[in-house]
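Work through the exercises below with the structure open beside you. Try each task before reading its solution.

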Amino acid sequence: MSLLIKNGRIITAVDDYHGDVFIDAERVAVIGKDLSIEADQLIDATGKYVFPGGVDPHTHLDMPFGGTTSADDFETGTLAAAHGGTTTLIDYAIQFKGESTLAALETWHKKADGKTAIDYGFHMIVTDMEDDRLWELKRLADEGVTSYKLFMAYPGLLYVDDGTIFRTMRKAGENGTVVCMHAENGIVIDEIVKRALKEGKTAPKYHALTRPTRMEAEGTHRAISIAEVADVPVYIVHLSSSDALEQVTLARNRGVNVYAETCPQYLFLDYSYYEQEGFEGAKYVMTPALREKWNQDELWRGLQFGDLQSIATDHCPFCFKEQKELGIDDFSKIPNGAPGVENRMALVYNGGVNGGRITLNKFVELTSTSAAKTFGLFPKKGTIAVGSDADLVIFNPGREETISIKNPCTHHMRVDYNAYEGFRVKGFPETVISRGKIIVDNCDYVGRKGDGQFIKRGLYSGIR
Ligand code: URP
Ligand code: ZN
Ligand code: ZN
């Protein structure tokens, strides 16, 4: 199938011009002005932006966690992502303690294979890594899994000690791969949580009040220091606070190879959401927790000045009914995570570009290009160039929507609430194209389950 997009304003991380894009055999074939090439399908993009499809490098689909399983699987989660203008996601597979990471990869392939609406890759969460299994990391890289996530949080579950972190980082660095870090001092936080529960503090807001930003900063500092000695690029995931950002900025100024992402929840939501009536605050129980509102300006500054390189969702949805309710009497039993994969592009465009905080080019960099570069997908993904995959979003800057579970244009996630309920956005992804095929047409899904493919990612390519 060939497709010709006419008269769009084509925006990449560095370009901004009016033109036409001709797509053939799943790739961008020709870009030019007033193209008159015969095509099977034609889209008139007059008055619209043509963006590279979004790349969301942080999701948890069909993930066993907190005594339950995240509510979106690879079918529903990728379909929701597609509606929101994301055409590639990188999900976190988990190696459980004692298990081979290669077996874990097989498990995650089975969860996703033949089910997805968009292309996807995997990071591997490593929960133990003895010397005799370090060879697996190279095999994972050969299989296209070129990044690993380590947790300083969740003792007894996903937590790894500093020795494991160093061993894994050393080998990852030798192999030319990247380590993603959940940077929070989980050991100290667990002590604070135990004390709070003893004092009868069980409401959702205590999830935030027991996780000080200083413990995120400490984890961030430690992760960066260990990575520096291990000689590996480190990527701090879901950075939420000014204190943690300060550590990233200091390290980058010193020339350390550190990257960081933040997420829409830390840019648009804040601690006050935990103070809502009854158990409502459980909807926002995620880790790191939502912070005091003033942190948001600091995060935007980090994005503007390049200390934060991308915006991911950390999409990890649990239904309010039955799942979040597991912690009705004890905040530490509320499954950690929130939905967002569908709303990222519209939220960031509205708050960032319309809000006068970032340029159009920066918007593309933060939501697509940067993650594609860091995680070995560029230039196949993350840009609009001849030879790149034709993953494109026709974005209407004038279209207004109210994000709501009741709005069929803004909520396809299989979860019974939307974390951004009632947020009004101007600018919306109208047509979404994945490898040359229209998959979302004005809120209607017109793709097919299994359209998406597993993407073997390349090695880290040294982009700062
Ligand atoms: O609360 C969160 N973020 N849940 C998902 C797991 C993680 O830490 O990324
Ligand atoms: Zn995490
Ligand atoms: Zn996560």
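Two exercises on a predicted model follow.

**Exercise 1. The zinc ion (ligand 3)**

Task: Find which residues coordinate the zinc ion (ligand 3), and classify the site.

Solution:
- Step 1. List the donor residues. They are His 58 (NE2), His 60 (NE2) and Asp 314 (OD), at 1.9 to 2.1 Å.
- Step 2. Place them in the sequence. The spacing reads H-x1-H-x253-D.
- Step 3. Check the angles. Among the four donor atoms they run from 87 to 136 degrees.
- Step 4. Apply the cut-off. Four donors count as tetrahedral if all angles lie between 85 and 135 degrees. The site of the zinc ion (ligand 3) is irregular.
- Step 5. Ask whether the histidines are buried or exposed. Buried means under 20% relative accessible area. His 58 has 0%, so His 58 is buried. His 60 has 4%, so His 60 is buried too.
- Step 6. Look for another metal. The zinc ion (ligand 2) is 3.9 Å from the zinc ion (ligand 3).

**Exercise 2. Ligand 1**

Task: Describe the surroundings of ligand 1 and find how much of its area the protein buries.

Solution:
- Step 1. Start with the neighbours. There are 14 residues around ligand 1. Lys 149, Tyr 154, Thr 287, Asp 314 and Asn 336 come nearest.
- Step 2. Locate the space. Ligand 1 takes up the largest cavity.
- Step 3. Find polar contacts to oxygen atoms of ligand 1. A polar backbone atom of Thr 287 is 2.7 Å from one. A side-chain N or O atom of His 182 is 3.0 Å from one. For a polar backbone atom of Gly 337, the distance is 3.3 Å.
- Step 4. Finish with the area. Taken alone, ligand 1 exposes 270 Å². The protein buries 100% of that.

Definitions and conventions:
Residues numbered from 1 in each chain as written. Chains lettered and ligands numbered in written order. Predicted model: local features only at pLDDT ≥ 70, side-chain atom pairs only at ≥ 80, totals over all residues. Heavy atoms only, no water. Donors = N, O, S within 2.8 Å, 3.2 Å for Na, K, Ca; no water. Tetrahedral: all angles 85-135°; square planar, octahedral: opposite > 155°, others 65-115°. Buried < 20%, exposed > 50% of the residue type's maximum accessible area, 1.4 Å probe, protein only. Near = heavy atom within 4 Å. Polar contact = N/O pair within 3.5 Å; in protein donor to acceptor, adjacent residues only side chain to side chain. Areas by Shrake-Rupley, 256 points an atom, 1.4 Å probe, with all protein chains shown as cover. 1 Å grid on protein atoms, 1.4 Å probe; cavity = no way out; pocket = protein on both sides within 12 Å on 5 of 7 lines; lining within 4 Å. Sits in = over half its atoms within 2 Å of the grid points.
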